[in-house]
Amino acid sequence: MAAGGLVAVTNTAEAGPQAPAVPAGLRPGGEFDRMAADLAAQDRFSGTVLLVHRRRPVLARSYGLADKARGAANGPDTIFSLGSITKLFTAVAIAQLVEQGKVDYHERIGSYLTGLPSELAAATVHHLVTHAGGQRDYMADPEYWKVALTWDTVEEVWEGSMSFARRDPVRFVPGSAYEYSNSGYHLLGAIVAAVSGRSYHDYVRHHVFRRAGMTTADFYTTAHWRDDRRIARPYAGQPPAERVDRLDAHIFVGSPAGGAHACAPDLVRFADALRGDRLLSAPFTHLLHGAKAPRGRRTTPFGVEETSFATYAPMAILSGSQWLYWHNGGAPGVSTELAWYPTSDWTTVMLSNYDQATMSLNALSRKLITT
């Protein structure tokens, strides 16, 4: 099922004066559009794609069902779980507090949080934001999931996750290696709460979502997720097996590491607000985006050479001849991608309520934009 109308997106950032024309492969009926339709026809994609160039939607499509039991279709304003794209909001919150002089990237996190083991307390904010804090990942601990799925209040989720993040072992000297860490980002959210004097969720709602003009973004509980018809249910499994509703695999509410919700136009608004220096002043936006450490090189499935770098929020990727900034998310029944391209002035959003559903679409959009 496809919704073919384009979505109106409010975007006030300055467009690049020499942004190139829209490639044919990204226009309606082009290579990207055909791939999305084909994946949906094979039941390998369910969700929304939104491609925006120079403040104007170029392609908006929605496929599949947000709720199979009710027969409710995904649409341009359907709200999806974002998975780890949520880490962008946490990183922006930290950057705002750095700009205000309340947090220092190179200060030890033990200066802001109590009750940490000495090895962990010695890691800096810089280490945590760039996934170099040395921790493992509490979400990889089977003991975490034994208790996490029983929590049924925001406070239980916060304190319970914090207890696992505090005791998550440090596996290498902070700054000496890279290991993606949900634990580190939960600790960053705790710093936001400790320094700002308000809960992490309320801080992000007020200082990130509202300032960016995001109208649907929030940390919806699983109760809201179950009852709100605007929110797509998460379906896990790969064809030919039957896809199963896995709302039961998600904790009660999202955290600084993942689990916020939003619709596709809201993610365009977020990227636009960041690029337009409406969430941070221009120097701190540049600081947020700037490459901090190399993370490797690869050739994409479409033959594009890419080099990746850690930053203070998204991954910075030199793809073909262009820089792009990107983050994704994944969980049972969740697959998400957000990217923005400053040189050619594109923003691309792919949100799915199937797991492992957006990677090939993201790779193709990169190739068509950067080569």
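Over residues 33-358 of the predicted model, helix makes up 33% of the chain and strand 22%. The C-alpha atoms at the two ends of this segment lie 13 Å apart. The segment coincides with a feature in the UniProt record, an unreviewed entry, which places "domain: Beta-lactamase-related" at residues 33-358.

Charged side chains were examined next. Side chains of opposite charge can pair when their charged atoms come close. A search of the whole structure yields 18 salt bridges. One of them links R136 and D141, with a distance of 3.6 Å from N to O. The two partners differ in their exposure class: R136 is partly exposed because its relative accessibility is 26%, whereas D141 is buried, since its relative accessible area is 16% and the limit for a buried residue is under 20%.

A further salt bridge joins R278 to D272, and here the closest N and O atoms are 3.8 Å apart. With a relative accessible area of 30%, R278 is partly exposed. D272, in turn, has a relative accessibility of 1% and therefore counts as buried. Salt bridges with shared partners also connect R136, D141 and D168 into one network. In another pair, R226 and D227 form a salt bridge whose closest N and O atoms are separated by 3.6 Å. R226 is classed as partly exposed, because its relative accessibility is 40%.

Charges of like sign also gather on the surface. A patch of negative charge there is formed by D152, E155, E156 and E159. Of these residues, E156 is located in helix α6, which spans residues 154-167. The relative accessibility of E156 is 33%, so this residue counts as partly exposed.

Backbone geometry was considered for two residues that are not glycine but have a positive phi. For R54, phi is near 50 degrees. R54 lies in the loop that connects β2 (47-53) with β3 (56-63). Its relative accessible area is 31%, and R54 is therefore partly exposed. For D345, phi is positive at about 60 degrees. D345 also occupies a loop, in this case between β14 (334-341) and β15 (346-352). D345 has a relative accessible area of 5% and is therefore buried, as the class requires a value under 20%.

How values were computed. Residues are numbered from 1 along each chain as its sequence is written. This is a predicted model: local features need pLDDT of at least 70, side-chain atom pairs count only at pLDDT 80 or more; totals for chains, interfaces and linings use all residues. Side-chain values use heavy atoms; hydrogens and water are left out. UniProt positions are given in the numbering used here, feature names are shortened, and annotations may be inferred rather than shown by experiment. Helices (H or I, at least four residues) and strands (E, at least two) are DSSP runs, numbered from the N terminus. Patches are made of residues with over 30% relative accessible area and no salt bridge: like charges are joined within 9 Å, nonpolar side chains (Val, Leu, Ile, Met, Phe, Trp, Tyr) within 5 Å. Accessible areas come from the Shrake-Rupley method with a 1.4 Å probe; for residues, only the protein chains shown count as cover. A salt bridge is a side-chain nitrogen of Lys or Arg within 4 Å of a carboxyl oxygen of Asp or Glu. Lys and Arg count as positive and Asp and Glu as negative; His and the chain ends are not counted. The place of a charge is taken as NZ of Lys, CZ of Arg, CG of Asp or CD of Glu. Buried means under 20% relative accessible area, exposed over 50%, partly exposed in between (1.4 Å probe, protein chains only).
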